[in-house]
Amino acid sequence: MLSIPSYYPKQISFPKGQGVFPVNTIYSKSFFKPKSKAETKVIAAKKHSDSERRRRMRINGQYATLRTVLPNLIKMDKASVLAETVRQVRELKRAVAEVEAACRHSDSDECVLPGGVDKLSLEECDGEQEGLVKATLSCDDRPGLISDMTRALSSVKGRVVRAEMVIVGGRSKNVLWIQRLGDGKEGMVALRRALKVVIDRPIFAGLSKRFHLPQ
């Protein structure tokens, strides 16, 4: 006859009046025993070692990223990567200063660079050809942007007599001088509506999708 093992914890007897205490309980003498100074030092050293290891991994990861983004990097050691990074940052700061200087010395107070916010402004040109309107558009650059503007202007029978475009960092600023064929306030409203659709169009809109203007 096979014996059936007992799954109940074994018990040991204590002096009368103190009950019993399971042997396989989580309580043990070592659980209540305070850690010695040596054990505390070992635990602290391990935590410090783990922290240093994670810090080195983060640093090495950043160096790996710099090696992939820096152009014309020949030497791959850390000192060379840092030196090339400093050189590139200085060149970028010099380029930004030159662009800002060119912007400040432009004929008008308006900055020639595209802003970070989509913007559309229309103004009638005084003292020039009658019906000439200056339209300024700032938006994300995308394939087909010029075609979209051309179709929008054709829908309101506008003709571009002069155009300027600046593209920086994926942003585009377009200044158009448009000869309006529509007269009066209604013509300006129609022109604004048409160009507003160009600005609001998603960047990743299908290139084959036909351009529609609101009625």
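The exercises below walk through a predicted model of one protein chain, each with a worked solution.

Residues are numbered from 1 along each chain as its sequence is written. Because the model is predicted, local features need pLDDT of at least 70 and side-chain atom pairs count only at pLDDT 80 or more, while totals for chains, interfaces and linings use all residues, and side-chain values use heavy atoms, with hydrogens and water left out.

**Exercise 1. The overall fold**

Find how many helices and strands the protein chain has, and the order in which they run from the N terminus.

Solution. Begin with the terms: helices (H or I, at least four residues) and strands (E, at least two) are DSSP runs, numbered from the N terminus. Counted in this way, the protein chain has 5 helices and 6 strands. Following the chain from its N terminus, the elements come in the order β-β-α-α-α-β-β-α-β-β-α.

Next, consider burial, where buried means under 20% relative accessible area, exposed over 50%, and partly exposed in between (1.4 Å probe, protein chains only). Of the 215 residues in the protein chain, 23% are buried. The accessible surface, computed by the Shrake-Rupley method with a 1.4 Å probe and, for residues, with only the protein chains shown counting as cover, is about 16900 Å² for the protein chain, and 58% of this surface belongs to carbon and sulfur atoms.

Finally, take contacts, which means heavy atoms within 4.5 Å. Among the contacts in the protein chain with a separation of 6 or more, 50% are between residues 24 or more positions apart.

**Exercise 2. Two strand residues and their partners**

Work out which residues L132 touches, leaving out those up to four places away in sequence.

Solution. L132 belongs to strand β4, which covers residues 132-140, and with a relative accessibility of 6% L132 counts as buried. Outside its sequence neighbours, L132 touches E123, E124, C125, V161, W177, I178 and Q179. For one of these partners, I178, the C-alpha atom is 5.6 Å from that of L132, although the two residues are 46 apart along the chain.

G158, in strand β5, can be treated in the same manner. Beyond its neighbours within four places in sequence, G158 is in contact with L153, I178 and Q179. The C-alpha atoms of G158 and Q179 are separated by 5.8 Å, with their positions 21 residues apart along the chain.

**Exercise 3. Salt bridges**

Determine which parts of the chain the salt bridge between D148 and R201 ties together.

Solution. A salt bridge is a side-chain nitrogen of Lys or Arg within 4 Å of a carboxyl oxygen of Asp or Glu, and by this rule the count comes to 11. In the pair of D148 and R201, the N to O distance is 2.8 Å. D148 lies in helix α4 and R201 in the segment after α5 (184-200), so the salt bridge ties together parts that are 53 residues apart in sequence. Both residues, D148 and R201, are buried, and they belong to a network of salt bridges that also links R142 and R151.

Compare this with a pair inside one helix. E84 and R87 form a salt bridge with their closest N and O atoms 2.7 Å apart, and both lie in helix α3, 3 residues apart, or about one turn of the helix. E84 is buried at a relative accessible area of 12%, whereas R87, at 36%, is partly exposed.

A further pair lies in helix α5, where D200 and K196 are 4 residues apart and so are separated by about one helical turn. The closest N and O atoms of D200 and K196 are 2.7 Å apart. D200 is partly exposed at 47%, and K196 is likewise partly exposed at 39%.

**Exercise 4. Positive phi values**

Establish where N72 is found, and whether its place is buried or exposed.

Solution. N72 is found in the loop between α2 (37-69) and α3 (78-104), and its relative accessible area of 70% makes it exposed. Its phi is near 55 degrees, a positive value in a residue other than glycine. K157, in the loop between α4 and β5 (158-168), also has a positive phi, about 60 degrees, without being a glycine. K157 counts as exposed at 59% relative accessibility.
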